[in-house]
Amino acid sequence: MTHIDLKNSTGPLIGILAGKGKNQSVIGNGPFFRELQREIIKNGGISVVFTPDDIKENTIAGVIYSPEDHNWTAVTCPIPHIVFNRVPTRKLESTDSFKNAFQFFQSRNIPFFNPGFLDKYSLFEILSQDPILQPFLPDTIKVADKESLFRFLERYKSIYLKPAQGAKGIGIHKLYLQKNHSVVQISLKDEITFQDALTFWKEWEQTLLKKTYIAQESIEPALFEGRRFDFRILVHFSEEGYHVTGAGIRQSRDQEITTHVLNGGCIVPYEDIQTEEHDRFFAMIADRAGKILSKETGFFGEFSIDAGLSANGKYVIYEINSKPMRFDEMAIEEKRIQTLSRLFLHMTKNEYLPDNNL
């Protein structure tokens, strides 16, 4: 590829931090990066996609997408004015090269947009310290031994087991404690009945302790047309605080474990369920959670919230995603691209920076 020197570029340079694959190619959400580039160029800037291994003392090597030519070109760039962390996996974020890259930008006071993936138990610990958000959180424990798990299951009778660093509904199981003390374990693919909790533990101990798992009380959900549904709320930072960019509904279809579309969930227009009360709740938790996360973990410019409604009408916060996937609702995704582009350019001009006062 042709190499282009951008040292004399006058517009803000937005760095998109991605990952590097086994063949040394850049990996990440290419379609998302292309859409961002189109919008950033419209607003007078330019973006470059690079990896932690591409950073030099005063330059970075990366690739730039050309909307006119519909291709990627290798470039040598000055250090970006802002860095958007879109490293695609937790494994890559755990490498020394990523940690060194983070320190590199921190030492130069370059805004680092989203510090990294969130751990489900760490997130629960952070949010549960806030008296306003705590009532909306399902009771959650880290699975550390059979005794604490058994007590938790005995208390709630129905619980979820989730990988603390999982995503997309993968690895989630539901446990039911029956009156005869048997334990029913349900996953996306099957249902197994164990004689008792101890029998279940013997089968699952290695899995549950090899990686960090959380146990979470199961909330009986409100239903829409006979099936459970969740809210998926997209949030961005703004001059006035954190605001809701869009909201969608994800509904279960053939199973009740997850509403994630990749695992059988379906999309319902938010307008079919929308109320002023929902809107007010979304606005409140978006601003509150954004300020808390930025204060405790580092600046969050974008995140999404998975929330729900219980059968008795109470709101629930299930999860927060630091690197939201694409929204299937075209209008929300278009607004997302526009909002991110404006935010990047405002921040590079220091028109406003985050204020974490709650």
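This is a short walk through one predicted structure, from a hairpin and a sheet to the helices, the cores and a few odd residues.

Okay, quick ground rules. The model is predicted, so local features need pLDDT of at least 70 and side-chain atom pairs count only at pLDDT 80 or more, while totals for chains, interfaces and linings use all residues. Residues are numbered from 1 along each chain as its sequence is written, and side-chain values use heavy atoms, with hydrogens and water left out.

Two terms before we start. When I say helix or strand, I mean a DSSP run, H or I of at least four residues for a helix and E of at least two for a strand, numbered from the N terminus. And two strands pair if DSSP finds at least two bridges between them.

Let's begin with the hairpin. Strand 6, residues 59–66, and strand 7, residues 71–78, pair in the antiparallel sense over eight bridges. If you want one bridge to look at, take Thr59, whose partner in strand 7 is Pro78. Strand 6 is mostly covered, with seven of its eight residues buried; buried means under 20% relative accessible area, exposed means over 50%, and partly exposed is in between, using a 1.4 Å probe and protein chains only.

Four residues sit between those two strands, and in that hairpin His70 takes a positive phi near 60 degrees. Why point that out? Most residues other than glycine have a negative phi. Is His70 buried or exposed? At 57% relative accessibility, His70 counts as exposed.

Now compare Asn114, in the loop between strand 9 (112–113) and helix 4. Asn114 also isn't a glycine, and its phi is positive, near 80 degrees. But Asn114 counts as buried, because its relative accessibility is 1%.

On to the open sheet. Which order do its six strands follow? They run 10-15-11-12-13-14, and the pairing is antiparallel. At the edges you find strand 10 (140–142) and strand 14 (191–194), each pairing on one side only. The twist averages 25 degrees from one strand to the next; for angles here, axes are lines fitted to C-alpha atoms, for helices over the stretch in contact, and the angles run from 0 to 180 degrees between N-to-C directions.

Zooming in on one edge, strand 10 and strand 15 (residues 213–217) pair in the antiparallel sense over three bridges. There, Lys142 stands opposite Ile214 in strand 15.

Two helices lie across this sheet. Helix 4, residues 120–128, crosses strand 10, strand 11 (158–163) and strand 15, at about 130 degrees to strand 10. Helix 6, residues 197–210, lies across strands 11, 12, 13, 14 and 15, running at about 125 degrees to strand 14.

Next, helix 1, residues 30–42. Its 13 residues reach 19 Å from first C-alpha to last, close to the 18 Å expected at 1.5 Å a residue; that expected span is 1.5 Å times one less than the number of residues. Among its buried residues are Phe32, Phe33, Leu36 and Ile40. The buried residues of helix 1 pack against several elements, including strand 6, strand 7 and helix 8 (330–348). Just after helix 1, Gly44 takes a positive phi of about 95 degrees.

Leu36 takes us to the cores. A nonpolar core is a set of buried Ala, Val, Leu, Ile, Met, Phe, Trp, Tyr and Cys residues joined through side-chain atoms within 4.5 Å. The largest one has 57 residues, and Leu36, Phe113 and Phe231 are among those with the most contacts inside it. Helix 7, residues 276–297, gives the largest share of this core, seven residues. A second, separate core of 18 residues includes Ile60, Val75, Ile79 and Ile110.

What does Leu36 touch, not counting residues up to four places away in sequence? The list is Ile16, Phe84, Ile337, Leu340 and Phe344, where contact means heavy atoms within 4.5 Å.

One more residue: Ile273, in the loop between strand 19 (266–268) and helix 7. Ile273 counts as buried because its relative accessibility is 13%. Leaving aside neighbours within four places in sequence, Ile273 is in contact with Phe224, Phe229, Ile249 and His278.

Last, cysteines. How many disulfides does the structure hold? Zero, with a disulfide being a pair of cysteine sulfur atoms within 2.5 Å. Cys77 is buried, at 0% relative accessible area, and Cys266 counts as buried too, at 10%.
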